[in-house]
Amino acid sequence: MMRNYLSMLFLSSTLLCCAAAQAQVWKQHLPQAKMLGGGEFRWWGFSIYTARIWQQTPNKEGGLDQNASFALEITYNKSISRERFVDSSIDEIKRLHGDKFNSDKLKLWRQYMEKAFIDVKSGDQLIGVYLPGTGCRFYSQQTLLAEIPDESFANAFFSIWLDPRTKDNNLRQQLLGNNKSSAAITGPSM
């Protein structure tokens with residue numbers, strides 16, 4: 001009886017450790033990162049997702065240094081198809097940057113995103129890690145989904161949340177760590 005209990009206890013702790021390690025795969029690139037800020041994106045009153053920014057070396061005010069690696073972690077509160085996610089991202093890049101990127105470039109970026117993104121349901125996470133001078137990587141909770149060595153794409157993609165003309169400037173301020181006294185999400189450091 002005691003042997004079965006100890007075996008179950010060992011198995012449970014092993015599974016918990018493995019699950020925690022797999023859920024944090026992206027953190028190997030930012031092992032000392034701390035959450036700078038976060039908030040919720042709502043559309044027509046519905047909570048779509050919560051987002052958090054993680055970074056090892058914030059700027060001197062403690063906010064996001066956009067010239068250093070960071071992670072944008074998004075936890076979805078509703079189901080969204082890969083197709084809708086890709087279409088919305090392309091639409092936002094076009095809205096923010098106008099004609100700066102030609103149709104061939106946008107077609108290539110669409111292919112990147114179709115490889116990098118998955119259908120999500122409530123509770124799922126997608127994490128984008130920005131790598132200045134290199135590009136970016138995208139992760140699910142368990143695994144690396146894609147590595148995109150295109151700095152121009154990475155800058156355009158993360159501008160969806162970080163450009164001053166973003167759809168939700170309050171969320172942007174919270175992500176940048178500039179709105180720490182507001183409704184920013186709090187959480188433990190890594």
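1. E92 is buried, with a relative accessible area of 10%, under the 20% limit used for that class. This is a value from a predicted model, as are the others in this note. The partner of E92 is R95: their side chains meet in a salt bridge, 2.9 Å from N to O. Unlike the buried E92, R95 is partly exposed, with a relative accessible area of 40%. Both residues lie in helix α2, 3 residues apart, or about one turn of the helix.

2. A search of the whole structure finds 7 salt bridges. One of them pairs the side chains of D87 and R110 at 2.7 Å, N to O. D87 lies in helix α2 and R110 in helix α3 (residues 103-116), so this pair ties together parts that are 23 residues apart in sequence. Both ends count as partly exposed, D87 at 28% relative accessibility and R110 at 27%.

3. Another salt bridge is formed by E147 with R137, whose closest N and O atoms are 3.2 Å apart. Here the link is between strands: E147 lies in β6 (residues 144-148) and R137 in β5 (residues 135-139), so parts 10 residues apart in sequence are tied together. E147 counts as partly exposed at 40% relative accessibility, whereas R137 is buried at 16%. Elsewhere, salt bridges that share partners join E92, R95 and K167 into one network.

4. The largest pocket has a volume of about 600 Å³. Of the 22 residues that line this pocket, the closest to its centre are F41, I48, Y49, S88 and K167. Two or more lining residues come from each of β1, β2 (46-55), β3 (70-76), α2 (82-97), α4 (151-162) and α5 (169-176). Helix α2 gives the most, with 6 residues. K167 therefore appears twice in this note: in the salt-bridge network and among the residues closest to the pocket centre.

5. What classes of residue make up the lining of the largest pocket? The lining has 12 nonpolar, 3 polar and 7 charged residues.

6. On the surface, W43, W44 and F46 make a nonpolar patch of about 470 Å². W43 is placed in strand β1 (residues 34-43), an element that also gives two or more residues to the lining of the largest pocket. At 41% relative accessibility, W43 counts as partly exposed; that value is over the 30% required of patch residues.

Terms used:
Residues numbered from 1 in each chain as written. Predicted model: local features only at pLDDT ≥ 70, side-chain atom pairs only at ≥ 80, totals over all residues. Heavy atoms only, no water. Patch = residues over 30% accessible without salt bridge, like charges linked within 9 Å, V, L, I, M, F, W, Y side chains within 5 Å. Areas by Shrake-Rupley, 256 points an atom, 1.4 Å probe, with all protein chains shown as cover. Salt bridge = Lys/Arg side-chain N within 4 Å of Asp/Glu carboxyl O. Helix = DSSP H or I, 4+ residues; strand = E, 2+ residues; numbered from the N terminus. Buried < 20%, exposed > 50% of the residue type's maximum accessible area, 1.4 Å probe, protein only. 1 Å grid on protein atoms, 1.4 Å probe; cavity = no way out; pocket = protein on both sides within 12 Å on 5 of 7 lines; lining within 4 Å. Points joined across faces, edges and corners; volume = space filled by probe spheres on them. Nonpolar A, V, L, I, M, F, W, Y, C, P; charged D, E, K, R; others polar.
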